[in-house]
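I opened the structure and kept a notebook of what I looked up. The entries follow in the order I made them.

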Amino acid sequence: MITYVGKQIRIEKGYTVRGLAEKAQIAPSTISKIENGSALPDLSTLDQIANAMEINPFKLVQWKLRG
């Protein structure tokens with residue numbers, strides 16, 4: 001299972017949802033949906049968010065084994 005953990009990073013870096021969305025050039029609603037778990041980002045969106053926060057995209061997600 002993949003879990004998005006970018007919200008904590010966004011908050012630590014001092015970004016609002018709107019500020020990050022502007023910098024990543026995506027809709028604020030997209031970030032909100034990803035952060036509240038109602039959507040998973042595709043690779044392109046994940047890359048845009050990571051570039052905006054100047055981090056590796058792999059830091060935005062965690063993989064958890066089921067079982």
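**Contacts of Tyr-4**

I began with Tyr-4 and skipped its neighbours within four places in sequence. Beyond those, Tyr-4 is in contact with Ile-34, Glu-35, Pro-41, Leu-46, Ile-49, Leu-60 and Val-61.

**Confidence**

I noted that this is a predicted model, so I checked the confidence next. The mean pLDDT of the chain is 94, and 99% of the residues reach 70 or more. Among the elements, I found the lowest mean pLDDT, 88, in strand E1 (residues 2-4). Helix H2 (residues 17-24) has the highest, 98.

**The core**

I then looked up the largest nonpolar core, which has 16 residues. Tyr-4 is among the members that touch the most other members, together with Leu-20, Ile-31, Ile-49, Met-53, Ile-55 and Leu-60. The elements giving two or more residues to this core are H2, H3 and H4. H4 supplies the largest share, 5 residues.

**Helix H4**

Which residues of H4 are buried? I listed Thr-45, Leu-46, Ile-49, Ala-50, Ala-52 and Met-53. They lie on the same side of H4, because they cover an arc of only 160° around the axis. On the other side of H4, I found Leu-43 and Asn-51 exposed.

What do the buried residues of H4 pack against? I wrote down E1, helix H1 (6-12), H2, H3 and E2.

I checked the ends of H4 as well. At the N-terminal end, Asp-42 acts as a cap: one of its side-chain oxygens lies 3.2 Å from the backbone nitrogen of Ser-44. After H4 comes Glu-54, with a positive phi near 55°.

**Positive phi values**

I looked at Glu-54 again, since a positive phi there belongs to a residue other than glycine. Glu-54 sits in the loop between helix H4 (43-53) and strand E2 (61-63). Is Glu-54 buried or exposed? Its relative accessible area is 66%, and exposed means over 50%, so I entered Glu-54 as exposed.

Gln-25 is not a glycine either, and its phi is positive, about 60°. I located Gln-25 in the loop between H2 and helix H3 (28-35). Gln-25 has a relative accessible area of 69%, so I entered this residue as exposed too.

**Last entry**

I went back to Ile-49 before closing the notebook. Ile-49 is one of the buried residues of H4, is in contact with Tyr-4, and is listed among the core members that touch the most others.

Technical notes: Residues are numbered from 1 along each chain as its sequence is written. This is a predicted model: local features need pLDDT of at least 70, side-chain atom pairs count only at pLDDT 80 or more; totals for chains, interfaces and linings use all residues. Side-chain values use heavy atoms; hydrogens and water are left out. pLDDT is the predictor's confidence in each residue, from 0 to 100. Helices (H or I, at least four residues) and strands (E, at least two) are DSSP runs, numbered from the N terminus. Buried means under 20% relative accessible area, exposed over 50%, partly exposed in between (1.4 Å probe, protein chains only). The arc is that of the directions from the helix axis to the C-beta atoms. Contact means heavy atoms within 4.5 Å. A polar contact is a pair of N or O atoms within 3.5 Å; within protein, one must be able to donate a hydrogen and the other to accept it, and residues adjacent in sequence count only if both atoms are side-chain atoms. A nonpolar core is a set of buried Ala, Val, Leu, Ile, Met, Phe, Trp, Tyr and Cys residues joined through side-chain atoms within 4.5 Å.
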